[in-house]
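Q: Please take a close look at one part of this model. I would like a connected walk through a single hairpin and the sheet around it.

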Amino acid sequence: MKLLSSVQKYAFAARTYNNFYGGQFVPSKGTTFYEHYNPVTQEHVARSPQSTQEEFNAIVASAK
């Protein structure tokens with residue numbers, strides 16, 4: 001348990017990720033999120049939006 005207690009002292013600030021396409025970060029209009037947790041401490045560290053269909057289409061179009 002010594003390892004776990006030493007890891008827990010480092011707190012991570014949960015952040016929300018944006019989509020990246022067209023050479024820039026673009027906030028999603030989606031309202032549903034995927035939650036990401038630190039596998040050691042089970043601390044919530046980030047969330048990623050589930051993109052809307054329109055955003056998905058724009059991302060695919062910019063990749064072509």
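**The β4–β5 hairpin**

A: Start at the turn. The hairpin of β4 and β5 has six residues between its strands, and among them Gln42 takes a positive phi near 65°. Keep in mind that this is a predicted model.

Asn38 belongs to the loop between β4 and β5 as well. Is Asn38 buried or exposed? Its relative accessibility is 12%. Asn38 counts as buried because that value falls under the 20% cut-off. The side chain of Asn38 also reaches back to the loop backbone: one of its polar atoms lies 3.3 Å from the backbone nitrogen of Thr41.

Now the two arms. β4 covers residues 33–37, and β5 covers residues 44–49. How do β4 and β5 run? They run antiparallel, and five bridges join them. One position to look at is Phe33, which stands opposite Pro49 in β5.

Phe33 has a second partner to inspect. The charged end of Arg47 sits over the ring of Phe33. The distance to the ring centre is 3.6 Å.

Arg47 also leads to the other side of β5. There, Arg47 is the bridge partner of Thr16. A residue of β5 next on the list is Ala46, the bridge partner of Arg15. These belong to the pairing of β1 with β5, which is parallel and has two bridges. β1 itself spans 15–16.

Put the strands together. The hairpin is part of an open sheet of three strands, in the order β1-β5-β4. Pairing in this sheet is mixed: β1 and β5 are parallel, whereas β4 and β5 are antiparallel. β1 and β4 are the edge strands, and each pairs on one side only.

Finally, the setting. The protein chain has two helices and five strands. From the N terminus, its elements follow the order α-β-β-β-β-β-α. Of its 64 residues, 17% are buried, and Asn38 in the hairpin loop counts as buried too. Among contacts with a separation of 6 or more, 46% come from residues 24 or more positions apart. The exposed area of the chain is about 5,200 Å², with 57% of it supplied by carbon and sulfur atoms. The structure also holds one aromatic pair.

Note on methods:
Residues are numbered from 1 along each chain as its sequence is written. This is a predicted model: local features need pLDDT of at least 70, side-chain atom pairs count only at pLDDT 80 or more; totals for chains, interfaces and linings use all residues. Side-chain values use heavy atoms; hydrogens and water are left out. Two strands pair if DSSP finds at least two bridges between them. Helices (H or I, at least four residues) and strands (E, at least two) are DSSP runs, numbered from the N terminus. Buried means under 20% relative accessible area, exposed over 50%, partly exposed in between (1.4 Å probe, protein chains only). A polar contact is a pair of N or O atoms within 3.5 Å; within protein, one must be able to donate a hydrogen and the other to accept it, and residues adjacent in sequence count only if both atoms are side-chain atoms. Rings of Phe, Tyr and Trp (its six-membered ring) pair if their centres lie within 6.5 Å; planes under 30 degrees apart count as stacked, over 60 as edge-to-face and the rest as tilted. A charge sits over a ring if NZ of Lys or CZ of Arg is within 6 Å of the ring centre and within 35 degrees of the ring normal. Contact means heavy atoms within 4.5 Å. Accessible areas come from the Shrake-Rupley method with a 1.4 Å probe; for residues, only the protein chains shown count as cover.
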